[in-house]
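Let's walk through this model together, beginning with one helix and then moving out to the way the chains meet.

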There are 2 protein chains.
Amino acid sequence: MKDPMKKYCVEFFPNGISVEVDEGTTVAEAARQGDVFINNICGSEGICGKCRVRISKGRAEADECTRALLTGEDVRNGYVLACQTQVHDNLTIVIPPESRTEDSLILITEAAEAHNESMDTPLVTKVYLELPPPTIEDSISDLGRISRGLKKETGLQVLDIPLNCLYSLEEDLRKNDWKLTVTIAMEKNGCWILDIEPLDTADKNYGIVVDVGTTTVVVQLIEINSHKVMGVEGRLNLQARYGEDVISRIIRASGKGGVDLLHEAVIKTINELIEKLACENNVALEKIHGIVAAGNTTMSHFLLGLNPRFIRLEPYVPVADVYPQVFARDIGIRIHPNGIMRILPGVASYVGGDIVAGVLSTGIARHEKTGCLIDIGTNGEIAIGNNEWLVCCSASAGPAFEGGGTRCGMRAAKGAIEKISISNGRIKYRTIGNKRPIGICGSGLIDGIYELVKNGIIAQNGKFHRDLKDIRLTQVDDVPEYMIAYPDETETGTAIVITQSDIDNLIKSKGAVFAAIKSLIDYVGVLFDEIDRFYVAGGFGNFLDVPKAIAIGLLPDIPEEKIQFVGNSCLTGARMCLLSKAYLDRSLEISRSMTNIELSNYQPFTEEYIAALFLPHTDRRLFPSVRY
Amino acid sequence: MKDPMKKYCVEFFPNGISVEVDEGTTVAEAARQGDVFINNICGSEGICGKCRVRISKGRAEADECTRALLTGEDVRNGYVLACQTQVHDNLTIVIPPESRTEDSLILITEAAEAHNESMDTPLVTKVYLELPPPTIEDSISDLGRISRGLKKETGLQVLDIPLNCLYSLEEDLRKNDWKLTVTIAMEKNGCWILDIEPLDTADKNYGIVVDVGTTTVVVQLIEINSHKVMGVEGRLNLQARYGEDVISRIIRASGKGGVDLLHEAVIKTINELIEKLACENNVALEKIHGIVAAGNTTMSHFLLGLNPRFIRLEPYVPVADVYPQVFARDIGIRIHPNGIMRILPGVASYVGGDIVAGVLSTGIARHEKTGCLIDIGTNGEIAIGNNEWLVCCSASAGPAFEGGGTRCGMRAAKGAIEKISISNGRIKYRTIGNKRPIGICGSGLIDGIYELVKNGIIAQNGKFHRDLKDIRLTQVDDVPEYMIAYPDETETGTAIVITQSDIDNLIKSKGAVFAAIKSLIDYVGVLFDEIDRFYVAGGFGNFLDVPKAIAIGLLPDIPEEKIQFVGNSCLTGARMCLLSKAYLDRSLEISRSMTNIELSNYQPFTEEYIAALFLPHTDRRLFPSVRY
């Protein structure tokens, strides 16, 4: 009989952390127990392949069915998926850089900056205090007693406190034997008290991070003390009904009450996501005291109820790019009434806090070698730079990469086709969560269009070969479309197709992104070769097939190993700022030091855009490795 | 014919300021024009005698009828009342210390601390900006532009801004040609923006100061730029209906909703006074951006809506003694919605911000020589100290000095009898504003009781001589009372009397105050002789007849010249804090450095109290100069 309590030691590198775990524990779980952070994009479902680690010593039992996500070479070299591999031996595990999450970045940075105490100061901190009751010899005020206790415990001076914390303080303190938990927000010269709760709730410190996307809003619930992401939820921004892109929404907002309408829509979206997460994780909304949001400049304006109308008019001036700190309640966000909200600062009207978050999370602004961040959403934003300089630009990409503006497009959620391959007239696809397909998300669309060119179904100008005999190619009202999933395969009973118009839209989108990259590279006078690392961010799926993204001309033709898909870098940056005020300060530095290049007035961009409306590009010399 | 434009030069000392004025201008008006501050307690009505100045060179025309307020020696020495004296010659004027207001103290301090820039930083400051409109080369955000302009103008970094300032900012700026006035509140490392108004309103910077007394609430409207008191209004605290003293109000507040009731009453009192002042002076409420209040600890609690119930229970602990900064709107005060409110910090449950304000305004804590402040209101509070140490105590005096708890008592308002003399059975009295009498205020009561003893109408134990034949002495239900004004003399047609019970109450009140002074003096081990200056503050009238106050045993028997009546020192201290943030900081230092002696547990106090229930005192050795 198997001993259920058999223990093994698992050592992780480069962290150098060892944990002892029960036999049968997964490697991913072992890592969590040791606070070693490994990518877990799919929630340990074994479908994203992002938790690839190498077993350098010891024997592990890997789930066979996940082998599809590993190459033969991977398997020979000892790679496994951490979430699908059980511990049955003492193990030494090496985590490759691409499988580390930004949380490990935080840990590494914290280690490096160990002397900088503020590095481990989250936006909100909880401190448990047990105070001596007042006597005639020690009769200072209740608040004075708390301030004195807090100073003794943390060394921090209390700067101020919201009045509502004092309303039943005298009763709460005496009822609970002078045991209390103070929630504080750190400042340079002290701290603000945000909340005083009875008894010890210091282990219940929750925060929220929000990626306020034009098309999609994504929210994470964070356990601040452990840095743990308790859950993530995304949904269509309810503003979508008022227009697909920022320009149409700004126009919609220009009428009477229009700003309120768009403000309320995004607040409703966020509140619903927070409530869902709080409910699923059994966390009361009043236990959430901090929220960090990032979005493009227009979204940040609507979030606060500011009027972004001059963003679309030359000289493109926002009301603000550094936003006031507000109580979440002031803008209708339902967490603790004194919960504070920070919105990451932006750079210009079309380069917002989402890009600042991306630059922060990828570390571009800290490294000597030049890096490039390409964030592909409804807008495509590019930032290039290093620890000495930073430039950025943006171009409207349209909603195609996030599943908008295409017939069967959807956001990267369960049931979305995220991977397509076509071979000898046979189609294989994979959906997120292995569900019956509902639509195609951005990464699926990129795959699909690549496969259509590769198989000679569309030409390199994106047009279907009308005379082609292919049972999946049909004409509806004289417009060709290609069948990806027949009605009987899908969840909805409706066929999933890629239409001529979808392809035209996607080519325009990828053309705008590539033209922006090329324009910026040329503007700063660097060569693609001189860029050490390309970080690709975006909400178009859980992963991006980099060679295919190059092959359609979305990404430049550079060695694959230089390109790293970083997923939702906006959310990552926002989370870093929630967990460490030092990152919040750094986000302000980044926003201040980044130079925005306004492409709308930049003649070469228009030329680059037209040249890029081809698969991969009209200038084949730019894509030497691409062969169709 | 007289030339109406004839000009004369008036030079003021010790200020050394000269002004040229039209012939016939009063000396007080000339001082105002030169920003020289002279006491003006009665509003230039020539009745308080507090603007006594000496003409050392030149000829002036003094109003004869005001001579009553000057002694013969004064007149011989060239003293006049500044408000009743017209300029008909070039004059050199010397302002004696007792006629200088605390505003001159501020000026003098400012001169002395000229290198300390923050000394002239009021709670709220207005800065007018004309900004360059945005261009494609200079397209920073609207808020960024304002911050940049403000930094250029003042050197100050903007720390934060309330969200509501940004709501129609983009429109206001463009409509008004980028001309705007920013209202800021200075902090150590920068400033907060409180308001952004179109065009130039920098000269309209108003503030409010409030003395939140248990019996009386007094409000001043201040023009911050010029330090000018535009108006003052006082009225009974509407809380009075819930009890006469703090203890009865705390008990009243202990029921459900009780705190709200008392909170709303005091807020209503203050709002009505502010509205009256604003209306009279043609100042819109939204032009008032700052308010400083001071009161005893219980009043400060009710003001903020805090529950003071543990103030009356041993060990007498308030919820707070340093109060949060709030937006005035948060507690229902109607000024500009972003107007900020500071409440001066207190020391203990029975020594509040009013005493801290008094210590601040008298300068006790800055001088080497020991000073003593005696603030006589519903509570009597005493502070003794110098620039090295400060101790304080308080004793319940009851409302008699503020016109409460006596049959015909009233606060020091127009129509109040403030001065009484009895000679050969004839009574002379003077009312505030020379109106028909309505009642007797504190100073009138002190005079009255002195005169009753002096004329052998009451004995030194305060009891009427029942067998005395005096037409004014009557018995109502066997209780004797003395007629001060017959019904046909009064405004109301009701007789104004002093009853046995009034006298008994006043003796208890003065006994408590004197016992507190004596106890504290003995506690710290100093002698009366060692105290350089006694400052007497209180709301019992526009002036205090010091010899009579000594003769009834309210004040210790010390040389009259050492005693200075400073009027409402609470209001003065609050005004100093509105006009200079440095004083606000100093008020915090004072509150932290002052040691409270709790008399309720201090046995000698009870003995002193009983010994003091006599006119002037059971121990005649303490009052050698008093002869009846």
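**Helix α4 and the chain pair**

In helix α4(A), the buried residues are A:Asp142, A:Leu143, A:Arg145, A:Ile146, A:Ser147 and A:Leu150, where buried means that 20 or more other C-beta atoms, placed from the backbone, lie within 10 Å of the residue's own. This is a predicted model, in which local features need pLDDT of at least 70, side-chain atom pairs count only at pLDDT 80 or more, and totals for chains, interfaces and linings use all residues. Residues are numbered from 1 along each chain as its sequence is written, while chains are lettered from A and ligands numbered from 1 in the order in which they are written.

Helices (H or I, at least four residues) and strands (E, at least two) are DSSP runs, numbered from the N terminus. The cover over the buried residues of α4(A) includes β8 (125-130), β9 (158-160), α5 (169-175), β10 (179-187) and β11 (190-198) of chain A. Just after α4(A), you will find A:Gly155 with a positive phi of about 80°.

Now for the partner chain. A rotation of 180° with 0.0 Å of shift along its axis superposes chain B on chain A, with an RMSD of 0.1 Å; the fit is by least squares on the C-alpha atoms of residues with pLDDT of at least 70 in both. The two copies are thus related as by a two-fold rotation axis. Within chain B, B:Asn189 comes closest to that axis, its C-alpha at 4.8 Å.

Across the interface, 35 residues of chain B are in contact (C-beta atoms, placed from the backbone, within 7 Å) with 36 residues of chain A. α4(B) gives the most to the side of chain B that touches chain A, with 3 residues.

Technical notes. Contact = placed C-beta atoms within 7 Å. Buried ≥ 20, exposed ≤ 12 C-beta atoms within 10 Å, placed from the backbone.
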